[in-house]
Amino acid sequence: MARSPCDIRLLLLAAAVAFIYIQVRLFASQSHHAERLAEAVSNHSPAPPSIFLVFILNTGTLVQEKSESRCTSQLRSMIDQVSMQQEKIAALEEMKIRQDEEHVQLKILIQDLEKRSLQTLVNKNVVPVAAVVIMACNRPDYLQRTVESILKYQKTVASKFPLFISQDGTNGDVKKKALSYTQITFMQHVDLEPMRTERPGELTAYYKIAKHYKWALDALFIKHNFDRVIILEDDMEIAPDFFNYFEVAAKLLDNDKTIMAVSSWNDNGQKQFVHDPKALYRSDFFPGLGWMLTKPTWMELSPKWPKAYWDDWVRLKEVHRDRQFIRPEVCRTYNFGEHGSSMGQFFQQYLEPIKLNDVHIDWNSEDLSYLKEDKFLIQFGEDVASATPLHRSDALLKAHNMNVDVRIQYDDQGDFKRIARHFGIFEEWKDGVPRAAYKGVVVFRYKSSSRRIYLVGPDSLHQLGAKQG
């Protein structure tokens, strides 16, 4: 940290005080030494006092001169050190001024690029459904694969879904790749402040990601004033009906305030657990990985956005406050990011086998009124209650040998993990909610068939208002 001129003056003042203090101590010591020597001479020597007095004075003068010389040398050394530090401080201050100037110029350049790009992309005669932002950092090859997948289906609806790339950091290859797409607006988040974690051993990447998300969503909702934003990451491919799905889902978000966000992802969307590409569900667990939210929701979240682990934060009950999330049975995004900040966690078991929808669904012709909270609660409750209950220790074995929908009750989180591990679905919970659950119920298909298996919590039927079958 740079020192102010006031700090330098204080150091010099301290050095002067120290010099004066040393001189006083030296004088006192020399006077005391002279008195004792004079006393000793007068008591034991017959020589004239004047001779000894001259000797004592000469001796004291020599001692004082040596002390003064040594003190002066030390003071000069201290002053030289202070001067050197002052020069270093001045050099650092000049470097910081240059960096600040470069930062300002870079921000101006980025804002100019955003403005010019956005002006060419947004059709003033069409109100956008949602801005689509790809969150990128340092993977140009991943970014290219993602952009090519999106542009394949976005060209015909470009005015409804203007596309952005938001880069965190200054990776040159990513910036070059992003700027090569003339139909995409480029945004760049440059943060020169050192990143500090709250606990030892944490990865700074999760803190950087959370900060980047807040910056990008603030820019899109507040600066560019979009009503809705779809967030993608730079390691995703999209399904053919991705944009049509979100266009219809936008109406759900606007009309049903019990829905916090709409996602294109199902955590249990592996090939063996899905069957119906038209099926949509409400969930108490935030899926993420390709999701849309509205400006009012973001204005609620932005002021209290966390420093890290933003997705797990959204999953807290105190944050979503009993609102649900819409998710599909068959995913509309595919995550191919084996290498990233999560270091490939769960990739081979849970992400790689995900089924990406390859059937075009005309969502405008689909009646989605069943997703309204009151209707969905009743219908889902009836479906769960009508499934054949399996209770005994051989319930898991029976589930494999029956040709009807079945429900298996779990007693607690440990029991759920045991059953989930048996079938191969996600075992993870957050804040008391299993992944993909609604009212404690996790549903998935059995071996890609139409058969459903419901894992039901001890209080789920009561929450659903369903009678025990």
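## Reading a fold, one feature at a time

Guide: Let's start on helix α11, where Asp374, Ile378 and Ser386 are exposed on one side. Keep in mind that this is a predicted model.

Visitor: Which residues of α11 are buried?

Guide: Those are Phe376, Phe380, Gly381, Val384 and Ala385. The general idea helps here: an α-helix has 3.6 residues a turn, so residues three or four places apart point the same way. In this helix, the buried residues fall within an arc of 150° when you look down the axis, so they line one face. The exposed Asp374, Ile378 and Ser386 are on the other side.

Visitor: How many residues does α11 have, and what does it reach from its first C-alpha to its last?

Guide: α11 covers residues 373-386, which makes 14 residues, and it reaches 20 Å from its first C-alpha to its last. That is close to the 20 Å expected at 1.5 Å a residue.

Visitor: What covers the buried residues of α11?

Guide: The cover includes strands β7 (280-283), β12 (406-409), β15 and β16, together with helix α14 (460-464). Let's follow two of those strands, β15 and β16.

Visitor: In which sense do β15 and β16 pair?

Guide: They pair in the antiparallel sense, over four bridges. To read such a pairing, look for the residues that stand across from each other. Val442 has Leu455 of β16 as its bridge partner, while Arg445 stands opposite Arg452 in β16. The two strands form a hairpin with six residues between them.

Visitor: Which faces of β15 are covered?

Guide: Both are. Val442 and Phe444 are buried on one side of β15 (residues 442-445), and Val443 and Arg445 are buried on the other. β16 (residues 452-456) is mostly covered too, with four of its five residues buried.

Visitor: Which way does β12 run with β16, parallel or antiparallel?

Guide: β12 and β16 run parallel, joined by four bridges. One partnership to find is that of Gln409 with Val456 in β16. So β16 pairs with β15 in the antiparallel sense and with β12 in the parallel sense.

Visitor: Where should I look for a positive phi?

Guide: First the general idea: most residues other than glycine have a negative phi, and most peptide bonds are trans. In this structure, Lys447, in the turn of the hairpin, has a positive phi of about 50°. Asp431 also has one of about 50°, although it is not a glycine. You will find Asp431 in the loop between β13 (429-430) and β14 (433-434). Lys439, again not a glycine, has a positive phi of about 55° and sits in the loop between β14 and β15.

Visitor: Are Asp431 and Lys439 buried or partly exposed?

Guide: Asp431 counts as partly exposed, at 40% relative accessibility. Lys439 is buried, because its relative accessible area of 19% is under the 20% cut-off.

Visitor: How do I read a nonpolar core?

Guide: In soluble globular proteins, nonpolar side chains tend to be buried together. Here the largest nonpolar core has 64 residues, and those with the most contacts inside it are Phe161, Ile165 and Phe380. Helix α6 (residues 242-255) gives the most to this core, with nine residues. Apart from it lies another core of 28 residues, among them Leu217, Phe221, Val229 and Ile231. You have met Phe380 already, as one of the buried residues of α11.

Visitor: What does Phe161 touch, beyond residues up to four places away in sequence?

Guide: Its contacts are Val129, Ala130, Val132, Gln154, Ile230, Phe243, Phe246 and Glu247.

Visitor: Is Gln167 buried or exposed?

Guide: Gln167 is buried, with a relative accessible area of 0%. This residue is in strand β2 (residues 163-168), and its contacts include Ala136, Cys137, Phe186, His189 and His212.

Visitor: And where is Tyr207?

Guide: Tyr207 is in helix α5 (residues 204-223) and counts as buried, at 3% relative accessibility. Its C-alpha is separated by 7.2 Å from that of Thr197, which is 10 residues away along the chain. Among its contacts are Thr197, Arg199, Lys307 and Ala308.

Visitor: How many helices and strands does the protein have?

Guide: There are 14 helices and 16 strands. Of the 469 residues, 43% count as buried. Among contacts between residues at least 6 apart in sequence, 73% join residues at least 24 apart.

Note on methods: Residues numbered from 1 in each chain as written. Predicted model: local features only at pLDDT ≥ 70, side-chain atom pairs only at ≥ 80, totals over all residues. Heavy atoms only, no water. Buried < 20%, exposed > 50% of the residue type's maximum accessible area, 1.4 Å probe, protein only. Contact = heavy atoms within 4.5 Å. Core = buried A, V, L, I, M, F, W, Y, C linked by side-chain atoms within 4.5 Å. Expected span 1.5 Å × (residues − 1). Arc of directions from axis to C-beta.
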